[in-house]
Amino acid sequence: MHGIKRIIFSKKSRVQYIDVIETYDYGLMLILDGKVQSTIRDEYFYHEALVHPVMTAHPNPEKVLIIGGGEGATLREVLYHPTVKQAIMVDIDIDVIKCSKEYLPQLSNGAFEDKRANLIISDGRKFIESCREKFDVIIIDVTDPLEEGPGQFLYTLEFYEAIKNILNDNGIMVTQATSIYYSTYCFTTIYRTIKKVFEKVGCYSTWIPSYDSMWGFVYGSKGPDPKSLNKDDIDTILNQRKLLNTNYYNGKIHEKIFILPKEIEKQLEKGGIATDKSPTFMPA
Ligand code: SAM
């Protein structure tokens, strides 16, 4: 898929295969279990699209939980919101964090050293089920649901019910939801599953060049609905939070990302949901 200049780091961790490579088109690239996670050149499309629609929709996100997010770029974007007092990040694999800090430090841009950040190494599912704290925003940035992969039980009904229990009354959750084109059934299953749990649910997508696809995101909310905010609302909030240095996201983009191709819209309501007994998988 991508022309490789050189392999910089390769390791089989306790959890997954980790590679950092240098490519011709995207610069340094992090790969887990053979799948592109982030590249230096285009990572902002994914991380800004994942974080900012829900963070700006919440009127005062003070306490944020990130599940996954190994490279630290999701944490970085969360901490750009000055309302945030505490951001907890829970990733299963310390080796992804160590290698990202060493070879791809631009991705976290100092976020791990921020006093508001707290890193916990644990399985996200176990953490959520035993957590006694509540959060304003929960962001799920885990690897795709691959059969036997570490993320397979982080896309199920039981997982989203546990997430809902630890969200504050007006809290919002969002998850990356795979490719809307290459894995439409997986994307729409994640949407239907979250819809079973939350009254307000929505999905959006954005083009990620290095994934070579329109990428999907799904949110569930107990409070504000991100898609009810228009261009001017978003630009006003970004201005108030002094968040005008984004590379991708602004009010215009916010309005655009909720428009899905008609064919995908039609498929949103058709089909089943994902449960622990019958999880959804993205084709490898
Ligand atoms: N942008 C990404 C993509 O392409 O899907 C996700 C990026 S991020 C690197 C994925 C992180 O999820 C990895 O660091 C991985 O260790 C973590 N992860 C996978 N399964 C997990 C689990 N069960 N609990 C917590 N973290 C998990």
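Trainee: Which strands each supply at least two residues of the shell around the ligand?

Mentor: Strand E4 (35-39) and strand E6 (86-91) do. Strands are DSSP runs of E, at least two residues, numbered from the N terminus. This is a predicted model, where local features need pLDDT of at least 70 and side-chain atom pairs pLDDT 80 or more, while totals for chains, interfaces and linings use all residues. Residues count from 1 along each chain as its sequence is written, and side-chain values use heavy atoms, without hydrogens or water.

Trainee: Which residues come nearest the ligand?

Mentor: Asp91, Asp123, Gly124, Pro150 and Tyr211, out of 26 around the ligand. Being near takes a heavy atom within 4 Å.

Trainee: What lies 2.9 Å from a ligand nitrogen?

Mentor: A backbone N or O atom of Pro150. For Gln37, a backbone N or O atom is 3.4 Å from a ligand nitrogen. Gln176 uses a polar side-chain atom, 3.0 Å from a ligand oxygen.

Trainee: How much of the ligand does the protein bury?

Mentor: 100% of the 600 Å² that the ligand exposes alone. Those areas are Shrake-Rupley values with a 1.4 Å probe.

Trainee: New topic. Where does the ligand sit?

Mentor: In the largest pocket. Sitting there means more than half of its atoms lie within 2 Å of the pocket's grid points. A pocket is an open set of points on a 1 Å grid over the protein atoms alone, where a 1.4 Å probe fits, with protein on both sides within 12 Å along at least five of seven lines; lining residues have an atom within 4 Å of a point.

Trainee: Which strand gives the most to its lining?

Mentor: E3, with four residues.

Technical notes: A polar contact is a pair of N or O atoms within 3.5 Å; within protein, one must be able to donate a hydrogen and the other to accept it, and residues adjacent in sequence count only if both atoms are side-chain atoms.
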